[in-house]
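Ready for some practice in reading a protein structure? Work through the exercises below with the model open beside you, and try each task before you look at its solution.

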Amino acid sequence: MIDLDALVAQDARHDWTVPEAQALLAAPFMDLLYAAQRVHRRHFDANRVQISTLLSIKTGGCPEDCAYCPQSVHFDTGLEGERLMPLAEVAAAARRAREAGATRFCMGAAWRRPTDRNLDRVIDMIGVVREAGMESCVTLGMLSEPQAQRLAEAGLDYYNHNLDTSPEYYGQIISTRSYQDRLETLAHVREAGINVCCGGIIGMGEGEQDRAGLLVALANLPAHPESVPINQLVAVQGTPLAGQAPPDPLEFVRVIAAARIMFPRSWVRLSAGRNDMSDEQQALCFLAGANSIFYGERLLTTDNPVADADAALFQRLGVQAAEHAAPAPA
Ligand code: SAM
Ligand code: DTB
Ligand code: SF4
């Protein structure tokens, strides 16, 4: 039986094993949530949730074959490939997000990797997000070392690049980019001094061991990601994962609780998939230590709960928006 009291007493660790994480995920539900709550309250205000807004600045037409993704050219999902969004549109969306209470603005592009010309335009976009008074985050695919440096010089706060699943299951999901490629991009981002946002997806047909394997791969990075997004698969028609049944809601809550215990100082984001979750499941996720969400009716290409529904949920839970995230992971 895993010693949860000992885990609660520990700080950030980088020597997790898969069997240990599996035992954590399998702990009695009440004990697991109580342990996660104790860790959460040591580092965060349990009644505050950070709000990020997403904008797809370049939609569709992506050459990668990620089996979950509606933006891949390999699958017919009815999505039209678009060009990079004009700066004025980004500026308008950023102002709207700030007015709605977002503290971070995340821009996603459906690229394998940005060209240096692409990067010039994204750097201008980072500028307008900063002018709107928000933290900036981008997710653009793989980055070279000099590209990460340029983004750091532009004042980028966070770079999102997910490991998505365990190293063992990864090959079932993506063939055009390796796990090692992802680790290299993460290293370039870290070395450039940009905060790392890195997590994965639950509900792609992976086993318990793969969920543990994902969390262990993230925890054993040289430094913990400042932000750990836990996505539930949004099963999109036309993708190979379209028919995938959603995971057991309580199993999903367990993953959040395990993430909170394994990443005591990181922001754990309840990311994609909230549209398929009840308010009660989301409340359990917050209780388990999730303290960040995407707010606004669209993720990148799929629907998210409408802002009114989230405001009502926050009100029912007595939750308030957190001010700027102060990252301090080790
Ligand atoms: N193209 C870039 C890349 O993949 O590196 C950035 C954008 S990509 C859409 C960002 C992340 O969104 C993916 O790594 C994946 O974890 C998540 N994602 C994409 N489609 C999803 C879906 N249908 N359900 C849940 N998460 C998804
Ligand atoms: C992350 O982990 N989740 C976000 C963000 N990083 C970029 C993306 C979710 C995308 C969900 C599918 C879509 O809307 O296209
Ligand atoms: Fe392209 Fe990113 Fe979608 Fe993969 S997840 S297909 S890299 S947009």
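**Exercise 1. Place the two ligands.**
Task: Find out in which cavity ligand 2 sits, and then do likewise for the space taken by ligand 1.

Solution. Keep in mind that this is a predicted model.
- Step 1. Start with ligand 2, which sits in the largest cavity.
- Step 2. Now turn to ligand 1: the space that it takes is the largest cavity too.
- Step 3. Look at how much room there is. The largest cavity holds about 870 Å³ of space. It is lined by 41 residues, and those closest to its centre are Tyr68, Cys69, Asn160, Asn162 and Leu300.

**Exercise 2. Describe the wall of the largest cavity.**
Task: Work out which strands each supply at least two residues of the lining of the largest cavity, and how the lining residues divide by class.

Solution.
- Step 1. Trace the strands. Strand E2 (104-109), strand E3 (135-139) and strand E7 (227-232) each give at least two residues to this lining.
- Step 2. Pick out the main contributor. E2 has the largest share, with four residues.
- Step 3. Sort by class. The lining is made up of 22 nonpolar, 13 polar and six charged residues.

**Exercise 3. Explore the surroundings of ligand 1.**
Task: Name the residues that come nearest to ligand 1, then find polar contacts that ligand 1 makes through its oxygen atoms.

Solution.
- Step 1. Ligand 1 has 16 residues around it, and Tyr68, Thr139, Asn162, Asp164 and Val234 come nearest.
- Step 2. Sort this shell by class: eight residues are nonpolar, six are polar and two are charged.
- Step 3. Look for N or O atoms within 3.5 Å, the cut-off for a polar contact. In the side chain of Asn162, an N or O atom is 2.9 Å from an oxygen atom of ligand 1. Asp164 has a polar side-chain atom 2.7 Å from an oxygen atom of the ligand.
- Step 4. Do not forget the backbone: a polar backbone atom of Trp111 is 3.4 Å from a nitrogen atom of ligand 1.
- Step 5. Finish with the cover. Ligand 1 exposes 560 Å² when taken alone, and the protein buries 90% of that.

**Exercise 4. Repeat the search for ligand 2.**
Task: Find which residues are closest to ligand 2 and how many charged residues its shell has.

Solution.
- Step 1. Among the 13 residues that surround ligand 2, the closest are Asn162, Asn231, Leu300, Thr301 and Thr302.
- Step 2. The shell has seven nonpolar and six polar residues, and no charged ones.
- Step 3. List the contacts of its oxygen atoms. One lies 2.6 Å from an N or O atom in the side chain of Thr301. For the side chain of Asn162, the distance from an N or O atom to an oxygen atom of ligand 2 is 2.8 Å. At Leu300, a polar backbone atom is 3.0 Å from an oxygen atom of the ligand.
- Step 4. Check the cover: on its own ligand 2 has 410 Å² of accessible area, and the protein covers 88% of it.
- Step 5. Spot the link. Asn162 is one of the residues nearest to ligand 1, and Asn162 is also among those closest to ligand 2.

**Exercise 5. Look beyond the ligands.**
Task: Say how many cavities of 30 Å³ or more there are, and describe the largest pocket by its volume and its lining.

Solution.
- Step 1. The count comes to two cavities of 30 Å³ or more. The second largest cavity has about 40 Å³ of space, and its lining includes Leu7, Trp16 and Pro264.
- Step 2. Move on to the largest pocket, which contains about 280 Å³ of space. Its lining has 15 residues, with Thr53, Leu54, Ala93, Arg96 and Gly296 nearest the centre. Strand E1 (48-58) and helix H4 (87-99) are the elements that give two or more residues.
- Step 3. Rank the contributors: E1 gives the most, with four residues.
- Step 4. Sort this lining by class, and you get 10 nonpolar, three polar and two charged residues.

Key. Residues are numbered from 1 along each chain as its sequence is written. Chains are lettered from A and ligands numbered from 1 in the order in which they are written. This is a predicted model: local features need pLDDT of at least 70, side-chain atom pairs count only at pLDDT 80 or more; totals for chains, interfaces and linings use all residues. Side-chain values use heavy atoms; hydrogens and water are left out. A residue is near a molecule or strand if one of its heavy atoms lies within 4 Å of it. A polar contact is a pair of N or O atoms within 3.5 Å; within protein, one must be able to donate a hydrogen and the other to accept it, and residues adjacent in sequence count only if both atoms are side-chain atoms. Accessible areas come from the Shrake-Rupley method with a 1.4 Å probe; for residues, only the protein chains shown count as cover. On a 1 Å grid over the protein atoms alone, a cavity is a set of points where a 1.4 Å probe fits but cannot get out, and a pocket is an open set with protein on both sides within 12 Å along at least five of seven lines; lining residues have an atom within 4 Å of a point. A molecule sits in a cavity or pocket if more than half of its atoms lie within 2 Å of its grid points. Ala, Val, Leu, Ile, Met, Phe, Trp, Tyr, Cys and Pro count as nonpolar, Asp, Glu, Lys and Arg as charged, and the others, Gly among them, as polar. Grid points are joined across faces, edges and corners, and a volume is the space filled by probe spheres set on the points.
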